[in-house]
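Reader: I would like to go through the labels on this model one by one. Please set each value against its cut-off.

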Amino acid sequence: DRGIGDGDCGSTHKQGALAIRQALEDDSLPCDCPSSCLNALAKLIESSMGGTSGAIYSIFLTAAAAELISDVSLSALQKAFQRGIEVVMKQVWWCRSR
């Protein structure tokens, strides 16, 4: 993103990936519960990546997690990711309209 941003996109994503890898190695993600796992990933990503990317991924994961509290079927996962996209798009639109 050097041409239009501050040039930290690669390093920001690397920080997020390293944090996820460390959490997996430490067995600190609640991988047995999709909703809890996505919420934990949202917090981890927001704190490790920071910036706009971290916030967007955190919003997406948090919205998706809310849809997986009582149903973890494949169709629920599809709906969860769709909801995450909708919430991110709503936030982007709201920010642009201000």
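Reader: What makes L77 count as buried, partly exposed or exposed?

Author: Its relative accessibility is 31%. Buried means under 20% relative accessible area, exposed means over 50%, and partly exposed lies in between, with a 1.4 Å probe and protein chains only. L77 therefore counts as partly exposed.

Reader: What are the ground rules for these values?

Author: This is a predicted model, in which local features need pLDDT of at least 70, side-chain atom pairs count only at pLDDT 80 or more, and totals for chains, interfaces and linings use all residues. Residues are numbered from 1 along each chain as its sequence is written, and side-chain values use heavy atoms, with hydrogens and water left out.

Reader: Which helix holds L77?

Author: Helix 4, residues 74–97. Helices are DSSP runs of H or I with at least four residues, strands are runs of E with at least two, and numbering starts at the N terminus. The protein has four helices and zero strands. The order from the N terminus is α-α-α-α.

Reader: Which residues form a nonpolar patch on the surface with L77?

Author: L74 and F81 join L77 in it. Patch members have over 30% relative accessible area and no salt bridge (a side-chain nitrogen of Lys or Arg within 4 Å of a carboxyl oxygen of Asp or Glu). Nonpolar side chains (Val, Leu, Ile, Met, Phe, Trp, Tyr) are joined within 5 Å, like charges within 9 Å. Together the three residues have about 290 Å² of accessible area, by the Shrake-Rupley method with a 1.4 Å probe, where for residues only the protein chains shown count as cover.

Reader: Why is S35 called buried or exposed?

Author: S35 has 7% relative accessibility, so it counts as buried. S35 lies in helix 2, residues 34–49. Leaving out residues up to four places away in sequence, S35 touches A65, L68 and I69. A contact means heavy atoms within 4.5 Å. Across the 98 residues of the protein, 27% count as buried.

Reader: How many disulfides does the structure hold?

Author: Zero. A disulfide is a pair of cysteine sulfur atoms within 2.5 Å. For C31, the nearest cysteine sulfur is that of C37, 4.1 Å away, and C31 is in no disulfide. For C33, the nearest is also that of C37, at 8.5 Å. C33 is in no disulfide either.

Reader: What are C31 and C33 called by accessibility?

Author: C31 has a relative accessible area of 52%, so C31 is exposed. C33 has 30%, so C33 is partly exposed.
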